[in-house]
Amino acid sequence: MDSIIERYEYKYLIPDRLIPAIRATARTTSRIDKYAGPDGTYRIRSLYFDTDRFDLYWANEREQGDRFKLRARVYPGSKASPVFLEVKRRVLDVIVKTRAAVPAELWREVLAGHDTALSALPPAARAGALRFLAPYHRHHLRPAVLVEYEREAFISDVEAYARLTFDRKIAVQRGDSLDLEADPRRWRPIDHTAQTRTAEPVTVLELKFERRPPAWMVALVKRLDLIRYSFSKYCYGVNAELTLPGERSPSRGGRGG
């Protein structure tokens, strides 16, 4: 599977007390994601890549108009989950995302660019993997941080593409190798008040849509007086995990990526 999605993403940090009202609104137009478990949620784990100077991190921190992230994503708890190689590029306010599903036993060989591994992929997945490999090798990227969180997602039945998601229990740990396994003792939460600098616990709300926000999303934002907030899980993860004394801190030297 390979897909290219062009969309807008608006993020908000909302107090947990607003979740029931927002969920009720979402249910008037949308259905719960079919991949959700019995509790309506699923887990997402991503290994993010960066240069040795953290150029992709700094591009985001400086809010460069054209920037991107690379990550390998899995869904813990899902049987035989493939590894999704994703490129997420942002040009001003537009998000262009590509992803390719690669069998878990092949993904490291695909990253290495082995012809036999690439040839084993279906044509669409091979094309998506090559879109990932181009910046991966051009910028000499390497593993940086693992991020995991719980997602509750609603898919619109009204629009061609519109999603509302709640992301909670966001945690990070260093990821210096091509390993998507995690040490359960090393997770560091990044959505607590010390990190978000909010007066009460918050959840990351994302509204995703094509071209224009649906009317029901516009009404929801106005009714609850929501304010857009820049929240990069990867950048918060770097701030939490890699800026401690003695750690491999993000270098300010140079631009790029």
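Me: What makes two rings a pair here, and which residues do ring pairs link into a cluster?

Reply: Rings of Phe, Tyr and Trp (its six-membered ring) pair if their centres lie within 6.5 Å; planes under 30 degrees apart count as stacked, over 60 as edge-to-face and the rest as tilted. Ring pairs of this kind join Tyr8, Tyr10 and Phe209 into a cluster. The model is predicted, so local features need pLDDT of at least 70 and side-chain atom pairs count only at pLDDT 80 or more, while totals for chains, interfaces and linings use all residues. Residues are numbered from 1 along each chain as its sequence is written, and side-chain values use heavy atoms, with hydrogens and water left out.

Me: How many aromatic pairs does a search of the whole structure find, and why is the pair of Tyr42 and Tyr75 called tilted?

Reply: The search finds 11 aromatic pairs. For Tyr42 and Tyr75 the ring centres are 6.0 Å apart and the planes stand at 55 degrees, so the pair is tilted.

Me: Why is Tyr42 counted as buried or exposed?

Reply: Buried means under 20% relative accessible area, exposed over 50%, partly exposed in between (1.4 Å probe, protein chains only). Tyr42 has 12% relative accessibility and therefore counts as buried.

Me: What kind of aromatic pair do Phe49 and Phe132 form?

Reply: Phe49 and Phe132 form an edge-to-face pair, with 6.0 Å centre to centre and 80 degrees between the planes, and both residues are buried.

Me: How do you know that the charged end of Arg228 sits over the ring of Tyr10?

Reply: A charge sits over a ring if NZ of Lys or CZ of Arg is within 6 Å of the ring centre and within 35 degrees of the ring normal. The charged end of Arg228 sits over the ring of Tyr10 at 3.7 Å from its centre.
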